[in-house]
Amino acid sequence: MSIVLSVKNLTHTYNNNTPFAHNALSNVSFTVNSGEIVGIIGHTGSGKTTLVSHLNGLLKPTSGDIIIDGKNIWDDPKHIKEIRSLVGLVFQYPEYQLFEETVYKDIAFGPKNLGLKGEELHKRIVETCKTVDIDEKFFDKSPFELSGGEKRRVAIAGIMAMRPKVLVLDEPVAGLDPKGRNDVIKMIEEYRNTYNATVLIVSHNMENMSVLADKLLVMNGGKVSMFDTTENVFKRGEELRKIGLDTPIITKVFDRIREKGYIVPDNIFTVYDAVKYLSSVKVQGGDTDV
Ligand SMILES: Nc1ncnc2c1ncn2[C@@H]1O[C@H](COP(=O)(O)OP(=O)(O)OP(=O)(O)O)[C@@H](O)[C@H]1O
Ligand SMILES: [Mg+2]
């Protein structure tokens, strides 16, 4: 496994050298391997958006380094354009940035800017939509005719059509209903699986994180408080609660059962884990196939 991204001692002070200086990130360091999905969690104001805005050069570090594919992105300002095609950043509520008259044109906007045209551009759009399950019947529709969840998926597909090696998403499921959330999660997984991309995803939704993320980066007050496998982080429920976070609900259910004196595992993070465990213990009746 190769390292695709390293963040080294990243510090960011907004309005540096003014009376309004505010230190949003202090000495943040971590590395991400190619093909990994890393969830970034932390209570409001902990620095998640500030952190991800550095990954494609949107914000410049006050100090510290961002190294992508072996290149320090600020070594040569000419790298920044290259970095922006390597790292795709999906902002919060990306659907507000849809503006073309059709879905097709909206998805084409990014790859066109990268210089794709003609048949190559068309192939890219069709292929991307197939991968992430956006039906071609949407192509000629106005983005404004779509539901909220569909709009969100089209906006994300527009970034994916640029085929970023590193895809960064800031709260991509915020404000969606359960189906909308699942659809977005599925498209992120498909993108990673198809292109072996690396994904960093900011989310407050622990259920989604438990099924999607290989590792979790926990931010607290602008610092990294944990960086470990999702399983190891969710085993530290007490510490998470102290910094305003939580574990998935199913994990809490099993914690309560354990508190009552039953011996049950401490690594149940998804409903699937729970069903698998419960069907392995002797419960009368039922279908044990999961
Ligand atoms: N443009 C800005 N100017 C000054 N301070 C800012 C600016 N943007 C963010 N901050 C401050 O920096 C800190 C980190 O903010 P940031 O938006 O990165 O947090 P976050 O973890 O993304 O929060 P949320 O979960 O609410 O999105 C906060 O204290 C915030 O008030
Ligand atoms: Mg934020």
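How many aromatic pairs does the structure hold? There are 7 of them, and two get a closer look below. Keep in mind that this is a predicted model. Beyond the rings, the briefing covers the shell around ligand 1, where 14 residues gather, and an open antiparallel sheet built from 4 strands. It ends with Asp-69 and Asn-196, both non-glycine residues with a positive phi.

**Aromatic pairs**

- A quick reminder on the description: an aromatic pair comes down to the distance between the ring centres and the angle between the planes.
- The structure has 7 aromatic pairs, and one of them is Phe-99 with Phe-109, an edge-to-face pair at 5.2 Å centre to centre and 85 degrees between the planes.
- That pair links distant parts of the chain, 10 residues apart: Phe-99 sits in the loop between strand S6 (87-90) and helix H3 (103-113), while Phe-109 belongs to helix H3 itself.
- Are these two rings' residues buried, exposed or in between? Phe-99 has 49% relative accessibility, so it counts as partly exposed, and Phe-109 gets the partly exposed label because its value is 37%.
- Next up are Phe-254 and Tyr-277: their ring centres are 5.9 Å apart and the planes stand at 75 degrees, so this pair is edge-to-face.
- Here too the pair links distant parts of the chain, with Phe-254 in helix H10 (residues 249-259) and Tyr-277 in helix H11 (residues 271-280), 23 residues apart.
- Phe-254 counts as buried because its relative accessibility is 4%.
- Tyr-277 is buried as well, at a relative accessible area of 19%; the cut-off for buried is under 20%.

**Around ligand 1**

- Which of the 14 residues around ligand 1 come nearest? Those are Thr-44, Gly-45, Lys-48, Thr-49 and Thr-50.
- Three side chains put polar atoms by ligand oxygens: Thr-44 at 2.5 Å, Lys-48 at 2.7 Å and His-22 at 3.0 Å.
- On its own, ligand 1 has 640 Å² of accessible area, and the protein covers 63% of that.
- Strand S2 (22-33) and helix H1 (48-53) each bring at least two residues to the shell around ligand 1, and H1 has the largest share, with 3 residues.
- By residue class, the shell around ligand 1 splits into 10 polar, 2 charged and 2 nonpolar residues.

**The sheet**

- The 4 strands of the open sheet run in the order S2-S1-S4-S5, with antiparallel pairing.
- Which strands sit at the edges? S2 and strand S5 (71-72) do, each pairing on one side only.
- Strand S1 (residues 3-14) pairs antiparallel with S2 over 8 bridges. Within S2, His-22 is the residue that stands opposite Tyr-14; the His-22 side chain also has an N or O atom 3.0 Å from an oxygen of ligand 1.
- S1 also pairs antiparallel with S4, this time over 5 bridges. Thr-11 has Ser-63 in S4 as its bridge partner.
- S4 and S5 pair over 2 bridges, again in the antiparallel sense, and Ile-68 stands opposite Lys-71 in S5.
- As background for reading the strands, side chains in a regular strand alternate between the two faces of the sheet.

**Positive phi outside glycine**

- Where does Asp-69 lie? It is in the loop between strand S4 (63-68) and S5, and its phi is positive, at about 50 degrees, although it is not a glycine.
- S4 and S5 form a hairpin with 2 residues between them, and Asp-69 is in that turn.
- Asp-69 counts as partly exposed because its relative accessibility is 35%.
- Asn-196 is the other case described here, with a phi near 45 degrees in a residue other than glycine.
- The loop that holds Asn-196 runs between helix H6 (178-195) and strand S8 (198-202).
- Asn-196 is partly exposed too, with a relative accessible area of 49%.

Technical notes
Residues are numbered from 1 along each chain as its sequence is written. Chains are lettered from A and ligands numbered from 1 in the order in which they are written. This is a predicted model: local features need pLDDT of at least 70, side-chain atom pairs count only at pLDDT 80 or more; totals for chains, interfaces and linings use all residues. Side-chain values use heavy atoms; hydrogens and water are left out. A residue is near a molecule or strand if one of its heavy atoms lies within 4 Å of it. A polar contact is a pair of N or O atoms within 3.5 Å; within protein, one must be able to donate a hydrogen and the other to accept it, and residues adjacent in sequence count only if both atoms are side-chain atoms. Accessible areas come from the Shrake-Rupley method with a 1.4 Å probe; for residues, only the protein chains shown count as cover. Ala, Val, Leu, Ile, Met, Phe, Trp, Tyr, Cys and Pro count as nonpolar, Asp, Glu, Lys and Arg as charged, and the others, Gly among them, as polar. Two strands pair if DSSP finds at least two bridges between them. Rings of Phe, Tyr and Trp (its six-membered ring) pair if their centres lie within 6.5 Å; planes under 30 degrees apart count as stacked, over 60 as edge-to-face and the rest as tilted. Buried means under 20% relative accessible area, exposed over 50%, partly exposed in between (1.4 Å probe, protein chains only).
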